[in-house]
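Hi,

Here is the structure I promised to pass on to you. Open it up first, and then read my notes below with the viewer beside you.

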Amino acid sequence: MIANLLEESKRLLKEANFDVVTSETNQQHLIFESTTLIGFVIAFNTVSDLLVGWQEVADGIFEQYAPAFRKAGQKAWNGYLVLVTSEYASNEHFHALQNIEEDLTQIRKIARSNIQSADDLKAALLPILPISYIPSLQPLDIKQEIRKRAQEIPTNALEEFLSDAELDKVATLLEAD
Amino acid sequence: MMNIAYISLCGFRGYKNEIRIELASGFNIISGRNGVGKSTLCDAVEYALTGNLNKYGDKKSAGESVDQYIWWRGKEPAEENYIEVAFRDSSDNLHVIRRSKGEKEEPAILNKLAGLMYDDSNAPSHPFIQLCKSSIIRDEFISALSLDLDETKRFQLLREALGSTDSELETTRASELKKICANRINDVQRRHEAARTALKEAVFKIEQIRSRMVDDSSINKAVKSLQDVLSSNIPVDELLVKAREYVGQRKLYIENFDLFIRELECLLENRSKLSDLKAKEAPFKQELEDVENQIEETNNALSSLVEQMRIAQPEESVRILSNIIADGEKLGLQDGHCPLCNANHDYNSFIRGVSAVRSRLNDLSSQVQSFSALRVEQEQKLLIFRERKTLKNREFQELQHQIMVLVKSMERLSSLRIRLELDENIPAEEAKKILLVERERLEQAEGSLRILDTLSMNSLLESATFERNEADKKVTELETALSKARKADMRAKVIYDASRRAANEALDDRLDLIGPLLSDFYRRLRPHASWRDIEYKIRGDVKRFLSLEVGDGLNPQFIFSSGQRRATGLAFLLSIYLSTSWSRLKTIILDDPVQHIDDFRALHLAELLAALHMSGHQIICAVEDEALANLLCRRLPVQPQTKGVHIELGEAPNGCLGVLRRKEIKSLPSSVLTNFDC
């Protein structure tokens with residue numbers, strides 16, 4: 001359970017190289033910015049609070065930062081409004097939150113409930129977070145893997161098999177005691 | 001790490017004129033309406049690396065294939081036909097692949113590029129083809145090679161991306177080894193079965209020989225018996241020789257004796273018949289002579305008659321006289337003179353004369369008839385006599401034959417009697433008694449000989465025992481060989497199992513490693529509002545499948561819309577691209593990836609491409625929609641070291657395709673919000 005959604009969001013965004021500032025004006029919120037993105041994170045106590053109050057809070061923030069948006073030019077199009085709550089959403093509320101996200105007017109919105117852990121929060125912020133995990137697959141020594149799994153086979157026969165020797169020769173070696 | 005620096009082409013696909021597109025190392029958004037050659041840029045990269053266009057597969061139409069449509073086919077020929085793709089390494093050196101129309105040989109630079117473009121130790125077979133498959137995401141492939149792909153092919157795609165195909169080679173090799181060992185077992189089993197059959201036969205033969213062998217007392221009795229028969233005390237080995245000669249001779253003797261008795265009995269039966277036959281012989285001869293005499297007499301009579309008729313010629317006289325009478329009567333008396341002899345006649349004397357002549361004619365006619373009847377009679381008699389002679393002759397010959405048969409029989413009998421050294425008049429009953437005694441002696445000799453013949457069974461038994469021992473040895477050898485073959489087969493199965501498990505487990509381990517990435521990309525593209533996570537599962541043991549599940553074990557293939565399936569497929573293909581760890585080409589090329597995808601999910605794609613770009617990947621994305629191109633240009637980050645460009649393709653005023661506009665994307669202002677002072 002996350003004690004403070006904004007603080008945890010701040011930590012995650014900073015980890016992702018965003019500049020993050022906490023603003024106490026209007027409802028407490030985070031301002032974050034990268035070379036391409038700008039955005040806000042607002043935390044609500046309940047899903048209902050979020051659904052009822054998000055537009056008013058958003059309007060207040062847009063009004064407050066209007067000069068900055070104008071100055072941002074093209075960057076203003078890359079704005080994000082992240083609305084989060086730790087409360088679990090009913091099915092009805094889940095779809096209401098979905099509708100907020102799919103409404104592409106004004107600003108890109110991320111509206112998520114049930115943010116209980118850092119992973120939940122990370123999943124919510126995923127659209128703006130960098131790819132955190134790229135697997136590094138090391139070369140596979142399949143012969144060594146086979147050796148591990150065929151220890152009961154006489155070594156010389158197994159090595160001949162693995163060294164691309166004639167299979168007839170390998171078969172003969174396999175007959176040895 | 002490598003990316004693409006520029007693409008230059010001329011007379012390739014839909015481009016007649018030369019076009020050179022300088023690409024930014026960051027992102028490149030290429031826009032333009034349908035048919036302006038956006039996909040051709042993907043084709044150029046693929047053709048440069050592989051010399052082929054995989055998107056058409058082996059498709060043919062009306063006898064033509066894609067090979068005939070690689071180069072410009074417009075009305076006016078292009079000045080040149082080539083493509084040139086330059087790859088940039090991490091030190092900014094360019095490596096240019098150029099292919100021209102008609103060139104058969106692979107560009108030499110490909111060998112040098114191989115080491116730069118991929119990790120050879122971990123790459124699958126045909127790495128450039130695989131590299132294109134994972135790095136060039138075409139509109140056609142998004143649906144065909146992603147969610148709509150069957151599970152086996154999807155697994156294949158994943159395995160090739162993960163570069164663990166070497167394990168397949170080992171598994172195939174192990175499978176072949178298993179087959180060889182199994183064949184060896186079959187071969188040894190066949191030979192073992194044959195050896196066992198030979199052993200059984202050898203054992204059976206020994207039993208047969210043993211059953212024919214007898215004990216010593218029987219042998220002694222047989223020797224004594226033979227000595228009695230032969231009336232001789234010669235040693236056993238000589239006795240056997242003599243006995244065999246004796247048996248041979250006696251068999252012939254008894255055969256002749258049998259014949260003698262048959263002849264004797266036959267002769268006794270016919271002895272009286274012979275004298276009867278001989279008694280008939282003289283009368284038969286007399287009868288035959290009588291008949292011959294009769295024939296001769298009749299012949300003489302007939303000849304005499306014929307002679308008389310020849311001399312008298314009564315038939316001719318009758319004819320002439322008849323004519324004279326007819327002529328005389330016809331002419332009648334001529335002036336008191338006969339018209340034939342001119343003698344003087346009156347009518348009456350003439351008539352009398354004619355009547356006298358007619359009477360004479362009648363006498364002659366009677367004489368002719370009498371001669372003819374007599375001749376017929378003689379001829380019939382002759383015929384009868386001759387038939388009688390033939391019959392008598394036949395009967396006489398039969399008689400002589402019967403006599404001859406009996407005489408010959410007697411001669412044979414005499415000859416046999418002499419040969420058998422019998423008395424001249426030995427009675428048949430006496431002869432039969434002698435024959436009976438001879439038969440008993442022969443049987444006694446043969447029986448004794450059979451018993452003594454078993455003495456030679458020892459060598460046969462010895463030979464059969466040798467054969468049995470050899471067969472037994474062979475069976476034992478083959479038992480050992482079979483045991484070894486089974487051991488090898490079992491071990492080959494262990495190797496096969498180890499190879500398969502190594503391959504499967506290695507792949508499972510790798511999938512575990514890339515699993516989070518697959519889930520991450522799915523979450524970012526969010527194809528479905530409710531099912532925000534997807535699970536990738538490898539199933540099957542021998543034939544393997546990669547299945548996708550959402551929610552409670554649901555298959556997204558059957559519940560997602562086409563747009564959602566495309567988004568899911570795109571997430572899969574992008575994760576495949578990023579999982580291709582053996583590749584050193586850090587360029588992802590997307591050709592029209594947003595067809596059928598709504599704005600909301602297009603935005604997700606832009607976000608994902610931005611994240612990819614931030615991870616150091618060069619993005620080349622072709623889109624038709626200008627607004628989407630602008631969104632991508634805005635959303636993808638421009639960084640000092642990696643620029644971004646927006647290239648607009650279209651038709652130039654001269655009607656040829658080319659670059660209409662190339663715009664470098666400027667960096668967005670920084671800290672506009674975070675430094676804003678409320």
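A:Arg11 is a good place to begin: with a relative accessible area of 38%, A:Arg11 is partly exposed. Its partner is A:Glu15, and the two form a salt bridge whose closest N and O atoms are 2.6 Å apart. Both residues belong to helix H1 of chain A (residues 5-15), and they are four residues apart, about one turn of the helix. A:Glu15 has 54% relative accessibility, so A:Glu15 counts as exposed, the cut-off being over 50%. By the way, please keep in mind that this is a predicted model.

If salt bridges are new to you, the idea is simple: side chains of opposite charge can pair when their charged atoms come close. How many salt bridges does the structure hold over all chains? The count is 51.

Let's go through some others, this time in chain B. B:Arg661 makes a salt bridge with B:Glu648, and here the closest N and O atoms are 2.2 Å apart. What does this pair tie together? B:Arg661 is in strand S14 (residues 657-665) of chain B and B:Glu648 is in strand S13 (residues 644-651) of chain B, so the pair ties together parts that are 13 residues apart in sequence. Have a look at how covered each partner is. B:Arg661 is partly exposed at 48% relative accessibility, while B:Glu648 is buried at 16%.

Another pair is B:Asp598 and B:Arg601, whose side chains meet in a salt bridge at 2.7 Å, N to O. Is B:Arg601 buried or exposed? B:Arg601 has a relative accessible area of 10%, so B:Arg601 is buried, the cut-off for buried being under 20%. B:Asp598, on the other hand, is partly exposed at 36%.

Now for the place where the two chains meet. In all, 68 residues of chain A are in contact with 68 residues of chain B. Between them, the two chains bury about 6100 Å², and 63% of that is on carbon and sulfur atoms. Seven salt bridges are counted between chain A and chain B. One salt bridge to find on screen joins B:Arg173 and A:Asp164, at 3.7 Å from N to O. There is also a network of salt bridges, which links A:Glu145, A:Lys148 and A:Arg149 with B:Asp497, B:Arg500, B:Arg501 and B:Glu505.

Next, the inside. How many residues does the largest nonpolar core have? It has 56 residues, and those with the most contacts inside this core include B:Ile29, B:Phe521, B:Leu570 and B:Leu590. Helix H15 of chain B (residues 599-614) gives the most to this core, namely nine residues. Try clicking on B:Leu570. Not counting neighbours within four places in sequence, B:Leu570 is in contact with B:Ile137, B:Ile142, B:Leu525, B:Leu590, B:Pro593, B:Ile597 and B:Leu605. There is a second, separate core too, with 46 residues, among them B:Ile30, B:Ala44, B:Val66 and B:Leu649.

On the outside, there is a nonpolar surface patch of about 230 Å², made by B:Ile320, B:Ile324 and B:Leu340. B:Ile324 sits in helix H9 (residues 314-331) of chain B. With a relative accessible area of 33%, B:Ile324 is partly exposed.

Finally, here is an overview of each chain.

- Chain A has eight helices and five strands, running α-β-β-β-α-α-β-α-β-α-α-α-α from the N terminus on.
- Of the 177 residues in chain A, 52% are buried. The accessible surface of chain A comes to about 8300 Å², with 48% of it belonging to carbon and sulfur atoms.
- Among the contacts in chain A with a separation of 6 or more, 60% are between residues 24 or more positions apart.
- Chain B has 16 helices and 14 strands, and 46% of its 678 residues count as buried.
- The accessible surface of chain B is about 35600 Å², of which 49% belongs to carbon and sulfur atoms.
- In chain B, residues 24 or more positions apart account for 73% of the contacts with a separation of 6 or more.

Cheers, and happy browsing!

Terms used
Residues are numbered from 1 along each chain as its sequence is written. Chains are lettered from A and ligands numbered from 1 in the order in which they are written. This is a predicted model: local features need pLDDT of at least 70, side-chain atom pairs count only at pLDDT 80 or more; totals for chains, interfaces and linings use all residues. Side-chain values use heavy atoms; hydrogens and water are left out. Patches are made of residues with over 30% relative accessible area and no salt bridge: like charges are joined within 9 Å, nonpolar side chains (Val, Leu, Ile, Met, Phe, Trp, Tyr) within 5 Å. Accessible areas come from the Shrake-Rupley method with a 1.4 Å probe; for residues, only the protein chains shown count as cover. A salt bridge is a side-chain nitrogen of Lys or Arg within 4 Å of a carboxyl oxygen of Asp or Glu. Helices (H or I, at least four residues) and strands (E, at least two) are DSSP runs, numbered from the N terminus. Buried means under 20% relative accessible area, exposed over 50%, partly exposed in between (1.4 Å probe, protein chains only). A nonpolar core is a set of buried Ala, Val, Leu, Ile, Met, Phe, Trp, Tyr and Cys residues joined through side-chain atoms within 4.5 Å. Contact means heavy atoms within 4.5 Å. Buried area is the accessible area (1.4 Å probe) that two parts lose on being put together, summed over both.
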